[in-house]
Amino acid sequence: MELLNDFSWAKILCASLAFLIAIIGHEIMHGLVAKYYGDDTASLSGRLSINPLKHIDLIGSIILPASLLALNAPFLFGWAKPVPININQIINNHGYLAACNVSLAGIIYNFSLAIISALALNIINLDITLPIAFLAYFLLQLVLYNLILGLFNLYPIPPLDGSRALGFLCLKLGFLNAAKKIFSLDRYGIFILLILIATPLSAIFFYPLDFLLKFFIS
């Protein structure tokens, strides 16, 4: 990647584009799987479009990433505007397992894209030209941001996707009390996340990310 050392603008462009692909694709996939189960809410609201303007969240897609970029953070973090989904319609027509699949759709997208990008990255000959170095750095950012988003949402902490999926799975298996406790944590979810991210506990919280990065990019 030495070719990119003097091209900070190229690095910013790569990181920003990979970040948008990760967060926007995550939300679109929720909408696509919901549509598969008969819920056209996201489609009718125009949220299955790849147009970034339809998915940008002022805080999660612009202010927070830009602030991290200005602070020279090791990576960007944020989110896109959640796609509207009528989860009750999906449950009534197809059951709790379908709702679980809708919840996991974005996570599966992120991990799948991370795997594809890592495979592509490992077959590229880096000792060539600037365009190849640019492509390699872009693939590296795709791996990074999709692993971050996929892993982060996998945690069973409200309002993350993993929490929704676990709650619906408990309902499917008949563990009603466990499901109620999971969904009742919604009001405290943001505080739990802040504690995990903004305290020394973050080392434990993000440890799986370090492990996955070393595994994917060996």
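**Note on cavities, pocket and helix α11**

1. The structure, a predicted model, holds two cavities of 30 Å³ or more, a cavity being a set of points on a 1 Å grid over the protein atoms alone where a 1.4 Å probe fits but cannot get out, with lining residues having an atom within 4 Å of a point. Local features need pLDDT of at least 70 and side-chain atom pairs count only at pLDDT 80 or more, whereas totals for chains, interfaces and linings use all residues. Residues are numbered from 1 along each chain as its sequence is written, and side-chain values use heavy atoms, without hydrogens and water.

2. About 40 Å³ of space lies in the largest cavity, whose lining is formed by F19, A22, I23, L76, F77, G78, Y145, I148 and L149. The elements giving two or more residues to this lining are α1 and α6.

3. The second largest cavity, with about 30 Å³ of space, is lined by I148, L151, F152, Y155, F205, F206 and L209, and α6 gives the most to that lining, with three residues.

4. L209 also belongs to the buried residues (under 20% relative accessible area, 1.4 Å probe, protein chains only) of helix α11, residues 207-216, together with L212 and F216. They cover an arc of only 65° around the axis, which puts them on the same side of α11; the arc is that of the directions from the helix axis to the C-beta atoms. On the other side of α11, Y207, F211, K214 and F215 are exposed, meaning over 50% relative accessible area.

Terms used. Helices (H or I, at least four residues) and strands (E, at least two) are DSSP runs, numbered from the N terminus. On a 1 Å grid over the protein atoms alone, a cavity is a set of points where a 1.4 Å probe fits but cannot get out, and a pocket is an open set with protein on both sides within 12 Å along at least five of seven lines; lining residues have an atom within 4 Å of a point. Grid points are joined across faces, edges and corners, and a volume is the space filled by probe spheres set on the points.
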